[in-house]
2 protein chains.
Amino acid sequence: MARRKAGTEADNQPTMHDVARRAGVSQMTVSRVMRGAGYISKDVRKEVVKAAREIGYVHNRLAGGNASYDNPLVGVVVPTMQNRVFTEVLTGINETLDESGLRPVFGVSEYSLDAEEALVFDILSWRPRGLILPGLEHTKALRQIIARTGVRVAEIMDTDGDPISSCFGFSHRAAGRDMAQHLFDCGYRRIGYAASQGGLDLRATKRFEAFADRIRSAGARLVGALTSDGPSSMLAGRQMTAELLQRAERPDAIYYANDDLAAGGLMHCLAEGLSVPGDVALAGFNGLGFLSALPMRITTTETPRYEIGAAAAKEILGSTSPAGVTKVFEISVSVGETT
Amino acid sequence: MARRKAGTEADNQPTMHDVARRAGVSQMTVSRVMRGAGYISKDVRKEVVKAAREIGYVHNRLAGGNASYDNPLVGVVVPTMQNRVFTEVLTGINETLDESGLRPVFGVSEYSLDAEEALVFDILSWRPRGLILPGLEHTKALRQIIARTGVRVAEIMDTDGDPISSCFGFSHRAAGRDMAQHLFDCGYRRIGYAASQGGLDLRATKRFEAFADRIRSAGARLVGALTSDGPSSMLAGRQMTAELLQRAERPDAIYYANDDLAAGGLMHCLAEGLSVPGDVALAGFNGLGFLSALPMRITTTETPRYEIGAAAAKEILGSTSPAGVTKVFEISVSVGETT
DNA sequence: TTCTGATGTGTTTACGTAAACACATTGATG
DNA sequence: CATCAATGTGTTTACGTAAACACATCAGAA
């Protein structure tokens, strides 16, 4: 039987040797069975599996894992868990990794690049097979350590910038510009804007900058831009909408940093008896599924969250493409209609 | 310099020995600095940190990790990522673990106990410090392996059942019963019910059973119970509500398995011009924050998602309490009012 | 028939860290 | 002033797995 630090009571976990002894084979054979690698005869495999089950052996990846560097962990950093967008990305990542027996180790950066750096240093200590990071902006130290360790990295959600190696996303500048154009084309001229996260969301900022540029160059006016602190929520959207609509120069359309805020805006309108888009048009971002359940539709930009997560995960587990893959996903403005 | 499997090109990651050589100390001293354990003088610490930074060394937990069994990984299984409830639980878990330098490795079971079993076997191969599992129902094999390995386990969300060791949650039967009583006390007598996940959500089922019992024993009638497949969503809630309200015996109150479904019901009512709770009362479950942004309030049961996650995480990292902790959190029916 | 490559199993050793133990040095305590 | 505990650092060794290599056996090809 395997022993462990003297005195650690009944903490003697079985090892491959124990399984091997019981099955009458060598430890190496057990290792091959556990990993499903190499040639193993049906009979031996059955014996080994049976022996392992009988003594309650669980494969220990920490052990040899440091001698062989093929570690089925993938580090994943997301900016927040409060936004459905990232849970959908995570779902795409998780399902794709699952198929290949990889497992995500994750951290939440709360939109802080310094926190992201600390997270990545920590996660790298697990020698992950790859890293999935949000956005293209990172600290210098983070870029350095990634270059030094040579870990495979997939950046996601954004393509406006300089990727470390591969990235999967779309252009937020284009998204902002297109929405501005769309609102202008629909005849709106006094535009409001509402965001959250206190401006830490760099991709939302990119959208807004491109949006504002186009609004102005087209000849419309940005009549108010609010940013709330903290995570985005319907409530924050509702409150900012109320504030925007009380202004002297009242907007005829409002662009929100995301659908949650926009839906909150819609709730304000419902509560106040305002018609959408008659009294004020609302535009969100992401195209989350719950929009289709609302009593009125709002305009939004459809983004492929699940697909981005899945593509990034595939990149990590792929043996192909050493570096330099940039996949730009299609996004499309979907025009809301009142039901 | 450290070498690695011959021929693996520039894949020679530095080791503690390299750092030690550069800093003029022993490998063990580097180990102590990296872990922040043992006694280290300020000067030596500074030298070591500097040397590590210079050569780009990242601590490798896989290596010695198998000799010492104090592994800062915690396995976390959630039934779904589609429901805000679990992302809030995850947030509580993550933030609490973060403070102690632990990291979650997670898996999604999709409400399947067999999938949960497979996930746990996989996660156990990382020799996690502990395991956080949803609910009290698990496969026999899972219970066995947990007993065999002696891994610390915290079950969460539910207290109606027989915990493996410690559990953190509340009684779903009580929640269902209380809501039934509340609706009865308010005078509702024809009650509808709507759920999702095709009945796989065992905790929702417990709520419903206790709810239905009380409804009947109190003398009201359950006039319809619908269950949609797939994850819960506002859209599913809206559709089921439409269906329930078309029935011959039209419900005067509807209980939903969660707030998303209930909010969908509210959207149906808004779209149809029905007054809530005048024409039909709606009751959800969880008390999610977005309810406060809706133009009308619905009744719900407040559950402490974040707190449950945080408590479970604390239990895992606590050296106290070898086993047998059951913490039942308060839940409360919060009555909706029309704004 | 002999050779060859696929199949199946064992032996030896490396992996990089951390525990265990040993041993200075220092400052405070009695 | 001797003793002791706290502080600081080094040496040796264990951890459990998987790579590398070795060596059978066997079927089909040459």
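The dialogue below asks how terms apply to this predicted model.

Modeller: Residues are numbered from 1 along each chain as its sequence is written, and chains are lettered from A and ligands numbered from 1 in the order in which they are written. In this predicted model local features need pLDDT of at least 70 and side-chain atom pairs count only at pLDDT 80 or more, while totals for chains, interfaces and linings use all residues.

Biologist: What makes A225(B) buried, exposed or partly exposed?

Modeller: A residue is buried with 20 or more other C-beta atoms within 10 Å of its own, exposed with 12 or fewer, and partly exposed in between, the C-beta atoms being placed from the backbone. A225(B) has 16 C-beta neighbours inside 10 Å, so A225(B) counts as partly exposed.

Biologist: How do you know that the two copies are related as by a two-fold rotation axis?

Modeller: Copies are superposed by least squares on the C-alpha atoms of residues with pLDDT of at least 70 in both. A turn of 180° and a shift of 0.0 Å along the axis lay chain A on chain B with an RMSD of 0.1 Å. The copies are therefore related as by a two-fold rotation axis.

Biologist: Why does the span of helix α6 of chain B agree with what it should be?

Modeller: Helices are DSSP runs (H or I, at least four residues), numbered from the N terminus. The expected span is 1.5 Å times one less than the number of residues. For the twelve residues 113-124 that should be 16 Å, and the end C-alpha atoms are 16 Å apart, so the two agree.

Biologist: Which residues of α6(B) are buried?

Modeller: They are E116(B), L119(B), V120(B), D122(B), I123(B) and L124(B).

Conventions: Helix = DSSP H or I, 4+ residues; strand = E, 2+ residues; numbered from the N terminus.
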